[in-house]
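Got your viewer open? Load the model and get ready to click along.

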Amino acid sequence: MGDIRKMFNPETVALIGASEKEGAIGRTILENLLLSDKRKIYPVNPNREAVLGLKCYPGITDIPVLIDLAIIATRADTVPQCVDECGKASVEGVIIVSSGFREVGEEGNRLEDQITEIRKKYGIRVLGPNCMGIIRPHIGLNASFLRNNPEPGNIALISQSGQLGDAILDWGTNAHIGFSMFATLGSMIDVDFGDLIDFLGDDYDTRSIMIYMENVGNAKKFLSAARGFARNKPIVILKPGIFAESAKAVMSHTGAMAGSDKVYDAAFKRVGLVRVKEVVDLFNVAEVLDYNYLPKGPRLAIITNAGSVGIIAMDTLLSLGGELARLSGESLREFDSVLPPNWSKGNPVDILGDADIERYANAIDICIRDHNVDGILVIHAPRAIAKRVELAQTVVELAKKTQKPIICTRMGGISVKEAVEFLLRHDIPTYETPEEAVKTYLYMYKYKRNLDLLYETPSELSVGHISPKHHLKALIRKALREKTTVLNAEESASFLTIYGIPAFKTVVTKSIEEAQRIARGIGYPVVLKADSPDILHKTDIEGIITGIRSEKELREAYNRLNTEVKANAPHSSIKGIIVQKMLEKIDYEIILGSKKDRDYGSVIIFGMGGIGTEIFKDISIGLPPLNQTLARRLMEETEVYKMLQGYKGRPPADLRQLEEIIVSFSNLIVDFPEIAEMDINPIAISNGKAYALDTRVIVDREAADYSSPYSHLVFTPYPSRYVMPCRLPDGTEILLRPIRPEDEPLEHELLTTLSERTLKERFFSVISDITHEMLIRFCNIDYDKEMAIVAEVREGEKRRIVGIGRLIIEPDLKSGQFAVLVHDDFQGKGLGYTLIDMMIGIAQEKELEEIYGIVLTENDRMLQVCRKLGFELTLLPDGISRVTLRLK
């Protein structure tokens with residue numbers, strides 16, 4: 001597999017299609033490459049002996065050195081052959097700037113398919129085709145045909161669209177914003193968002209990433225990379241286009257409402273990303289999100305010397321969903337004592353046009369100490385008496401005393417330039433208008449709120465909580481054999497019963513006499529529903545009749561339903577009828593459902609249910625698996641959540657019960673990749689308690705193609721199957737379990753209490769500074785690509801990690817590298833042996849062909865353990881050895 005690090009940090013570059021022709025892409029790229037003398041450049045063109053004074057080679061296989069990066073700028077029909085020659089020459093990576101591929105139709109698709117096959121044959125990495133290339137200012141690399149050469153900076157820009165990416169880059173350059181990288185992706189046949197985010201995660205010069213995205217490509221790969229990056233560095237995304245799938249293309253209420261754009265929003269939130277709506281917000285937000293302190297809440301205090309500007313800021317805050325901080329009584333009394341009598345007496349705090357430095361300082365200090373305030377906006381209008389630079393210095397000094405973010409609006413153009421530059425140099429976000437400032441503050445809050453979700457890694461169900469689901473699997477297979485994709489009401493309801501979701505008993509009857517017997521058994525009044533695979537949105541045909549209080553009314557209702565169904569579905573009639581006990585009083589109705597998104601797999605939908613489902617479209621979307629924290633967040637993001645807490649005299653819903661229902665439903669969806677769509681609509685809430693009244697399961701016709709139990713999920717559940725107690729030979733009780741993101745403090749304690757010898761044996765050098773960035777990388781892993789098992793002991797009430805085994809799967813999915821670390825206090829107790837044995841078992845489960853490790857040759861203890869476990873030893877240069885165990 002080609003090395004993407006060498007590809008983007010090349011020592012040797014070949015340009016295939018180099019030219020001296022004015023205006024030719026091949027000339028522009030070569031001129032850009034020659035702007036730096038840090039690498040060797042090799043033009044390739046069979047029709048020339050030299051280009052711009054450089055020797056030109058007829059083919060890339062004629063170049064006498066190995067090439068890290070090849071850039072192809074030839075006609076589309078010649079590109080597959082060029083890529084093949086790059087593969088033969090062992091090139092690490094290729095950038096294809098040529099156009100004429102999928103964007104031109106069938107022939108272009110055929111060419112892309114050829115390139116993909118060649119790429120797989122040689123393991124070469126490919127960026128493009130139809131991209132503009134990359135620019136890395138810090139290393140002097142411009143491998144693009146853009147005339148723009150941005151200044152070095154800390155922001156990376158990744159764009160799917162070359163044209164818009166160029167425009168954003170130009171806008172940023174004119175605003176003197178520096179970049180660590182600029183890359184356009186083109187058709188993304190190989191290198192994609194996930195690859196570039198992974199690469200930039202290890203780039204010291206990159207503090208934040210801006211992304212222009214049209215479609216995600218490999219969603220699972222993107223989210224895995226973004227989740228790892230976002231813990232430490234912010235990612236800001238501009239994704240235009242609200243794409244809503246047509247309701248006619250889906251079969252349930254859930255599918256009709258959950259458009260792709262809402263799913264993108266949910267995915268971005270889950271991995272700690274911030275989505276913006278305007279290009280200017282990309283820069284504002286990318287520059288501010290790595291600020292040391294983020295707001296803990298939406299409550300903003302506004303301090304202004306111009307009341308009208310404060311009102312504009314307040315209007316913007318409230319219109320964008322923010323919250324005006326309600327100043328405490330103590331703060332109001334303090335303001336009365338330091339401000340003129342005619343101050344505004346509330347928030348916004350109008351300190352009046354004659355405000356001096358002392359008045360500003362007092363107001364800021366009071367807001368800093370007020371526990372009802374999460375952040376402070378300081379507005380300085382031109383007419384102020386306070387000297388601008390002196391005020392800026394005061395704001396900076398006060399900001400050092402608090403973890404609450406302080407942002408500024410400095411209105412006045414050139415006259416405030418010096419003060420603005422001082423504020424920015426000291427990391428105080430400063431804007432020309434109150435609208436920009438407020439909007440950025442709320443983005444900061446959303447970022448902080450989204451970051452909290454990163455630590456939520458719901459588990460697989462433990463053995464003791466696994467639902468008896470195999471008969472439901474058989475039910476689905478039976479439906480597929482019979483070419484039926486819609487389960488009937490009774491079959492659908494059985495899923496709820498197994499997963500503990502409260503529901504009225506559902507029995508499908510095929511005669512009015514049987515329906516009457518059921519009604520007598522459960523007692524009138526009852527509800528009568530038509531059950532037919534042709535009726536999925538019952539409200540479309542008035543397919544439910546309530547308030548039936550006698551056998552006569554039941555018979556009349558049956559006849560009426562039968563007539564309605566025939567009128568709306570001429571080729572079908574009622575397959576059965578459902579009789580349910582009627583709730584005398586329903587306080588609220590909600591919907592809970594799932595559908596499969598084309599990019600993100602199964603998603604979960606919660607919102608207002610009943611007849612209001614498609615009218616109000618009040619829904620939120622989550623990506624399974626969900627735990628109770630994520631379930632509560634799912635509810636909080638809807639308007640109906642406010643009603644559920646008590647509305648117009650109605651009793652509040654049992655929110656804890658709803659959380660449990662959502663988590664149970666999530667477990668159901670996790671367990672059944674065979675489910676294409678599922679509705680529980682409505683879930684009725686009566687006197688606080690929830691009851692599922694109607695449900696429908698739609699089976700995925702391609703269900704048999706799912707080779708993995710979690711292939712329908714973009715987030716793999718925490719692998720609880722690896723949690724196991726263990727007793728060492730000396731009797732020490734330990735718990736082996738996969739690492740979690742919240743293990744960072746325990747891992748820090750482990751690494752900072754190791755001896756120099758143990759550190760050297762594990763990391764091949766003594767690491768004196770265990771950074772937050774390192775710990776994030778160690779603790780936040782993608783369980784599909786990597787596994788880390790920690791050995792935990794309890795010492796009284798304290799938990800302690802005393803060992804870690806780690807297995808990283810190679811990109812070829814055939815081998816994996818392992819490493820083991822055991823604390824000095826627990827060495828010689830058999831823990832290392834246990835951890836390596838567990839790594840072997842995990843590698844076997846993942847069907848790897850071999851597992852290997854790199855060990856210091858002087859580390860006799862580790863080598864001895866590996867020999868016992870059957871590893872073969874190979875001595876390597878520089879005092880290291882490779883231990884390998886073949887598994888197949």
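Here is a tour that starts with the whole chain and then moves to single residues.

**The whole chain**

Keep in mind that this is a predicted model. Show the cartoon first: the chain has 29 helices and 38 strands. Its radius of gyration is 32 Å, close to the 29 Å that the globule rule gives for 888 residues, so the chain is as compact as a globular protein of that length. Along the principal axes, the C-alpha atoms fill a box of roughly 100 × 85 × 70 Å.

Now switch on the surface. The accessible surface comes to about 38,600 Å², and 50% of that belongs to carbon and sulfur atoms. Underneath, buried residues make up 58% of the 888 residues. Colour by charge and you'll be looking at 108 positive and 124 negative side chains, with the centres of the two sets 3 Å apart. As for the contacts between residues at least 6 apart in sequence, 70% join residues at least 24 apart.

**Into the nonpolar cores**

Which residues touch the most other members of the largest nonpolar core? Select Phe8, Ile71, Ile95, Ile197, Ile211, Phe222 and Tyr600, out of 107 residues in that core. Then highlight helix α16 (residues 434-453), which gives the most to this core, with 8 residues. There is also a second, separate core of 53 residues, and Leu736, Leu759, Phe818 and Met839 are among them. In soluble globular proteins, nonpolar side chains tend to be buried together.

Zoom in on Ile197 and show what surrounds this side chain. Leaving aside neighbours within four places in sequence, Ile197 is in contact with Ile158, Ile209, Ile211, Phe222, Ala225, Ala226, Phe229 and Ile235.

**Two buried stops**

Next, select Glu112 in helix α4 (residues 106-122). Is Glu112 buried or exposed? At 4% relative accessibility, Glu112 counts as buried, because the cut-off for buried is under 20%. Beyond residues up to four places away in sequence, Glu112 touches Phe101, Arg102, Pro129, Ser187 and Ile189. Try a C-alpha to C-alpha distance here: Glu112 and Arg102 come out 7.1 Å apart in space, with their positions 10 residues apart in sequence.

Then jump to Gly601, in strand β26 (residues 601-608). Gly601 is buried too, with a relative accessible area of 17%. Not counting residues up to four places away in sequence, Gly601 touches Lys595, Lys596 and His712. Add Ala676 to the selection: Gly601 and Ala676 are 75 residues apart in sequence, but their C-alpha atoms are 9.4 Å apart.

**Backbone oddities in the loops**

Where can you find cis peptide bonds? One joins Asn347 and Pro348, with omega about 10°. Pro348 is in the loop between α12 (329-338) and β17 (349-350). Another runs from Tyr524 to Pro525, with omega near 0°, and Pro525 is in the loop between α19 (512-522) and β22 (526-531).

Finish with two residues that have positive phi. Asn687 has phi near 50°, a positive value in a residue other than glycine. Look for Asn687 in the loop between β28 (675-686) and β29 (689-692), where it counts as exposed at 53% relative accessibility.

The last click is Asp878, in the loop between β37 (872-876) and β38 (880-886). Its phi is near 65°, again positive in a residue other than glycine. Asp878 is exposed, with a relative accessible area of 77%.

Notes
Residues numbered from 1 in each chain as written. Predicted model: local features only at pLDDT ≥ 70, side-chain atom pairs only at ≥ 80, totals over all residues. Heavy atoms only, no water. Helix = DSSP H or I, 4+ residues; strand = E, 2+ residues; numbered from the N terminus. Rg over C-alpha atoms; globule rule 2.2 N^0.38 Å. Buried < 20%, exposed > 50% of the residue type's maximum accessible area, 1.4 Å probe, protein only. Contact = heavy atoms within 4.5 Å. Areas by Shrake-Rupley, 256 points an atom, 1.4 Å probe, with all protein chains shown as cover. Lys, Arg positive; Asp, Glu negative; His and termini not counted. Charge placed at Lys NZ, Arg CZ, Asp CG, Glu CD. Core = buried A, V, L, I, M, F, W, Y, C linked by side-chain atoms within 4.5 Å.
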